[in-house]
Amino acid sequence: MKVSLKLEKFEFKGISPERPLIMAGPCSAESEEQVMETARQINQYGVKIFRAGLWKPRTRPNAFEGVGKEGLPWLRRVKDEFGMYTATEVANVKHVYDALKGGIDIIWLGARTTANPFAVQEIAEALKGVDVPVMVKNPVSPDFELWIGAFERLNAVGITKMAAIHRGFSTYYKTLYRNNPQWEIPIELKRLLPDLPIITDPSHICGGRELLFEVSQRAMDLDFYGLIVETHCNPDKALSDAQQQLTPEGLHKLLGKLVLRNPEIQNNVILSTLEELRHEIDKYDDKLMEIFEHRMGVSRKIGEYKKQNNITILQTGRWDEILRNKIEQAAKKGLSEEFIIKVFRAIHEESINHQTKVMNE
Ligand code: PEP
Ligand code: MN
């Protein structure tokens, strides 16, 4: 896939451009007191960008849907009294106008909005000619191009100060997380668009407080640029996302524990050792490629044989047996079940594709 964006640095006057860029604040602005108290405390801990949702997209009706533009003057006070930048989510054109008129400094598109190209296009058009930083959360489903598409739509109207927010992806099956991080997706985004900063949202990935540090540290180890962490002066009483929000003190502790490792290797000894190890890995990867080539050759032979004998490609019993065997072997080899299932699913799918091709020849 080819993609190119015209990007400006995602930096803010008075905030160090060094990573991590930290944004924090409540899931929702609930009252003037809650907003001011949370902002006061996190500002004391050195956080300079305050997030708060005014318009809340809720899965089911009758849940707290945000205070709307009534909260704009509260965020204005956060700017005026603490000198912080403010950020909020916009989901339609009206939100955009209200937020900009209300003095919001940074806006973001939520995961449900990114999933809707009509909404993204309308928001982009409302932003034409406006110089405002925009962050785009990944869409709820792991659809990489939908995410890219949102950046392209915004870029096309002249928005150049952009960042991506990685907030994880919905899954039908239950995982450890509220939204599965699927790290390979933001990693691919970074590979394709190295100048687009990635800000991880551990709160919406985790859905609870236990794994917040681990996910934040992982984001730093992947050299992502920042974190946006839901923080509330009284999390247990929060009107939305109560389980995942930290107290300002909890946030301070989490940030204090983060280890920032160097993305660039300056030491020659480290560099040459790493190069040797990487060379070894490359050799194994080449071997894997060769094995795949031969394995798929055998699959094609099987396809031919099945064709001659009028047998279906898929025999479910056989595939079940392979998978069960491999999972058993994996445990003995120190490989995770999840990994082995993924690898063998992919191999099996490719194998079926080869056989189908032969069948149709
Ligand atoms: C939020 O940041 O509070 C929010 C609603 O997030 P998301 O769009 O990631 O669900
Ligand atoms: Mn939230």
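The protein's secondary structure comes to 13 helices and eight strands, where helices (H or I, at least four residues) and strands (E, at least two) are DSSP runs numbered from the N terminus. This is a predicted model, so local features need pLDDT of at least 70 and side-chain atom pairs count only at pLDDT 80 or more, while totals for chains, interfaces and linings use all residues. Residues are numbered from 1 along each chain as its sequence is written, chains are lettered from A and ligands numbered from 1 in the order in which they are written, and side-chain values use heavy atoms, with hydrogens and water left out.

**Exercise 1. Get the overall layout**

Task: Work out how the protein is divided into domains and what its C-alpha trace spans.

Solution:
- Step 1. Mark off domain 1 (21-257) and domain 2 (268-360); these bounds come from an automatic or database domain assignment.
- Step 2. Take the centres of domain 1 and domain 2 over C-alpha atoms, and you get 39 Å between them.
- Step 3. Along the principal axes, the C-alpha trace spans about 75 × 50 × 40 Å.
- Step 4. Of the 361 residues, 45% count as buried. Buried means under 20% relative accessible area, exposed over 50%, and partly exposed in between (1.4 Å probe, protein chains only).
- Step 5. Now look at contacts (heavy atoms within 4.5 Å). Among those with a separation of 6 or more, 73% come from residues 24 or more positions apart.

**Exercise 2. Find the metal site**

Task: Name the protein donors of the manganese ion (ligand 2) and place Cys27 and Asp241 along the chain.

Solution:
- Step 1. Look for donors, meaning N, O and S atoms within 2.8 Å of the metal (3.2 Å for Na, K and Ca); water is not among the atoms, so sites may look incomplete.
- Step 2. You should land on Cys27 (SG), His204 (NE2), Glu230 (OE) and Asp241 (OD), lying 2.1 to 2.4 Å from the ion.
- Step 3. Written as a spacing along the chain, these donors read C-x176-H-x25-E-x10-D.
- Step 4. Cys27 lies in the loop between β1 (21-25) and α1 (32-44), and Asp241 in the loop between β8 and α10 (248-257), so to speak bridging distant parts of the chain, 214 residues apart.
- Step 5. Check accessibility: Cys27 and Asp241 are both buried.

**Exercise 3. Map the cores**

Task: Which residues have the most contacts inside the largest nonpolar core?

Solution:
- Step 1. Recall what a nonpolar core is: a set of buried Ala, Val, Leu, Ile, Met, Phe, Trp, Tyr and Cys residues joined through side-chain atoms within 4.5 Å.
- Step 2. The largest one has 67 residues, and the most contacts inside it belong to Phe50, Leu127, Val134, Leu154 and Leu189.
- Step 3. Helix α6 (residues 144-156) gives this core its largest share, six residues.
- Step 4. Apart from that core lies another, of 15 residues, including Phe10, Met23, Ile106 and Tyr225.
- Step 5. Zoom in on Leu189: leaving out residues up to four places away in sequence, Leu189 touches Phe144, Trp147, Ile148, Ala164, Leu196 and Ile198.

**Exercise 4. Sort out the rings**

Task: Is the pair of Trp183 and Phe224 stacked, edge-to-face or tilted?

Solution:
- Step 1. Rings of Phe, Tyr and Trp (its six-membered ring) pair if their centres lie within 6.5 Å; planes under 30 degrees apart count as stacked, over 60 as edge-to-face and the rest as tilted.
- Step 2. The structure holds three aromatic pairs. For Trp183 and Phe224, the centres are 6.3 Å apart and the planes at 40°, so this pair is tilted.
- Step 3. Trp183 sits in the loop between β6 (162-166) and α7 (184-192), and Phe224 in the loop between α9 (212-221) and β8 (226-230), 41 residues apart.
- Step 4. Trp183 and Phe224 are both buried.
- Step 5. Elsewhere, Phe10, Phe12 and Tyr85 form one aromatic cluster.
- Step 6. Add the charges: Lys161 lies over the face of Phe12, 4.6 Å from the ring centre, and the charged end of Lys257 sits over the ring of Phe213, 4.4 Å from its centre. The test is NZ of Lys or CZ of Arg within 6 Å of the ring centre and within 35 degrees of the ring normal.

**Exercise 5. Check the backbone**

Task: Where is the peptide bond that is cis, and where does Asp223 lie?

Solution:
- Step 1. The bond from Arg19 to Pro20 is cis, with omega near 0°, and Pro20 lies in the segment before β1.
- Step 2. Asp223 is not a glycine, yet has a positive phi of about 65°; look for Asp223 in the loop between α9 and β8.
- Step 3. Asp223 counts as partly exposed because its relative accessibility is 26%.
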